[in-house]
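Reader: I would like to go through the terms used for this structure one at a time, and to hear in each case how the value leads to the word. Could you begin with the terms for surface accessibility?

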Amino acid sequence: MSRVKVAVLGATGSVGQRFIQLLENHPYFEVTHLCASENSAGKTYGDVMKKRWKISSDIPAYAKNIVITTPDPEKTKDVALAFSGLDASIAGEVESAYASAGIHIISNSKNHRMDPIVPILSAEVNASHLDVLSSQKTKGKIITNSNCTIMGVTISLKPLYDLFGIESVMLFSMQAISGAGYPGVPTMDILGNVVPHIGGEEEKAEIEPLKCLGKVENGKIVHADFPISAHCNRVPVFDGHTVCVSVKFKKKPSKEEILSAWKNFSGEPQKLGLPQAPNPPILYREEEDRPQPRLDLETGRGMTTVIGRLRPDPIFDWKYVVLSHNTIRGAAGAALLNAELLYKKNFLG
């Protein structure tokens with residue numbers, strides 16, 4: 001079977017680089033176009049990225065000789081799908097143009113996330129939200145990722161929400177510097193320091209999980225109905241967002257019931273055997289000092305959500321720690337998994 005031709009928008013950025021790495025030799029998708037700013041347009045990807053490639057593996061050979069173009073659907077009209085790692089300052093308009101031109105968009109940007117007919121798709125959590133794509137009037141459809149901070153949090157909450165109901169959640173994030181993109185946070189601001197503010201992050205952390213955990217009614221996504229309070233912090237860790245979560249439940253579960261819910265959790269990606277799907281999607285570590293970014297970040301090729309330290313909470317009911325890879329599970333890897341789900345569900349023709 002021939003592979004689907006795809007483009008990567010924002011190909012020179014940190015998320016774009018992850019897309020290019022993860023798409024190497026992919027069984028479903030063939031990268032034919034790489035798009036970036038006018039400063040890079042007309043040059044080969046290999047030449048532009050000689051000093052800008054920031055991933056430990058080398059630039060994939062397939063990408064080196066692709067000539068970069070600016071993100072324009074007319075220049076990439078032979079593709080069926082575009083992965084967007086564009087900056088939010090331009091992503092909204094460009095992604096809408098691609099959708100209008102009949103090209104599906106898998107976006108890592110925030111611009112379309114709050115549209116009730118655009119899913120914030122977390123493939124294991126809410127595959128049913130693909131039903132709202134029929135409400136989008138454009139031939140090409142827009143699907144977004146969640147914010148990287150709450151990707152693992154939402155996955156951890158999904159089986160608990162389904163089985164026990166949730167009354168409220170409080171979360172406290174310790175977010176890696178790679179989440180700020182390249183060049184990220186200045187050295188003198190972050191080394192030996194914690195920065196207790198990330199612009200717009202707490203608002204995203206408090207609302208996006210509710211949309212992800214919501215349900216489809218009359219062609220739109222209706223949010224889950226419980227409050228979330230978030231404290232978001234930047235810490236001197238290169239990759240990996242760690243989040244401390246406290247949950248108050250409607251039906252009070254035991255520790256064994258929570259652990260069983262996580263252990264038995266799986267979703268459409270696992271049932272369909274998608275290439276990017278982690279198995280298991282959730283791993284619980286029994287050690288009292290885990291998870292840790294240095295030790296656990298690459299679990300499931302960076303796609304598994306790692307949880308630990310489940311214990312009673314004297315104010316809520318239970319509390320625990322979640323670790324997820326912010327540039328893989330929280331960005332490019334999740335977007336690729338979403339695209340694989342679209343492929344298997346025959347949304348790509």
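Author: A residue is called exposed when its relative accessible area is over 50%, buried when that area is under 20%, and partly exposed in between. Please keep in mind that this is a predicted model.

Reader: What makes K77 exposed or buried under that rule?

Author: The relative accessible area of K77 is 62%, and the limit for the exposed class is over 50%, so K77 is exposed. E74 has a relative accessible area of 57% and is therefore exposed by the cut-off of over 50%.

Reader: Why are the side chains of K77 and E74 said to meet in a salt bridge?

Author: The term asks for a side-chain nitrogen of Lys or Arg within 4 Å of a carboxyl oxygen of Asp or Glu. For K77 and E74 the N to O distance is 3.9 Å, and the pair therefore meets the definition. As background, side chains of opposite charge can pair when their charged atoms come close. The structure holds 12 salt bridges.

Reader: Which salt bridge involves R113, and what parts of the chain does the pair link?

Author: R113 meets E208 in a salt bridge with an N to O distance of 3.0 Å. The pair links distant parts of the chain, since R113 is in the loop between β4 (104-107) and β5 (142-144), whereas E208 is in helix α7, 95 residues apart.

Reader: How do you know whether R113 is buried or exposed?

Author: Its relative accessibility is 5%, and the buried class is defined as under 20%, so R113 counts as buried. Both R113 and E208 are in fact buried. Leaving aside neighbours within four places in sequence, R113 is in contact with ten residues' worth of surroundings that include T144, N147, K204, E208 and K211.

Reader: What does the salt bridge between R329 and E124 tie together?

Author: The N to O distance for R329 and E124 is 3.1 Å. R329 lies in helix α11 (residues 328-344) and E124 in the loop between β4 and β5, so this salt bridge ties together parts that are 205 residues apart in sequence. Both R329 and E124 are buried. Elsewhere, salt bridges that share partners join R285, E287, R290 and D296 into one network.

Reader: Why is C244 not counted in a disulfide?

Author: A disulfide requires two cysteine sulfur atoms within 2.5 Å, whereas the closest cysteine sulfur to that of C244, in C232, is 12 Å away, which is too far for a bond. C244 has a relative accessible area of 29%, and because this falls between the limits of 20% and 50%, C244 is called partly exposed. The structure holds zero disulfides. C212 is likewise in no disulfide, the nearest cysteine sulfur, that of C148, being 13 Å away. With a relative accessibility of 1%, C212 is under the limit of 20% and so counts as buried.

Reader: How is the packing of helix α5 and helix α7 described?

Author: Two packed helices are described by the angle between their axes and the distance between the axes. For helix α5 (residues 148-164) and helix α7 (residues 201-212) the angle is about 35° and the axes are 9 Å apart. Their crossing is right-handed. In this contact T149, I150 and T154 of α5 meet E201, A205, E208, P209 and C212 of α7, and these residues divide into four nonpolar, two polar and two charged.

Note on methods. Residues numbered from 1 in each chain as written. Predicted model: local features only at pLDDT ≥ 70, side-chain atom pairs only at ≥ 80, totals over all residues. Heavy atoms only, no water. Buried < 20%, exposed > 50% of the residue type's maximum accessible area, 1.4 Å probe, protein only. Axes fitted to C-alpha atoms, helices over the stretch in contact; angles between N-to-C directions. Helix = DSSP H or I, 4+ residues; strand = E, 2+ residues; numbered from the N terminus. Left-handed = near helix turned anticlockwise from the far one by under 90°. Contact = heavy atoms within 4.5 Å. Nonpolar A, V, L, I, M, F, W, Y, C, P; charged D, E, K, R; others polar.
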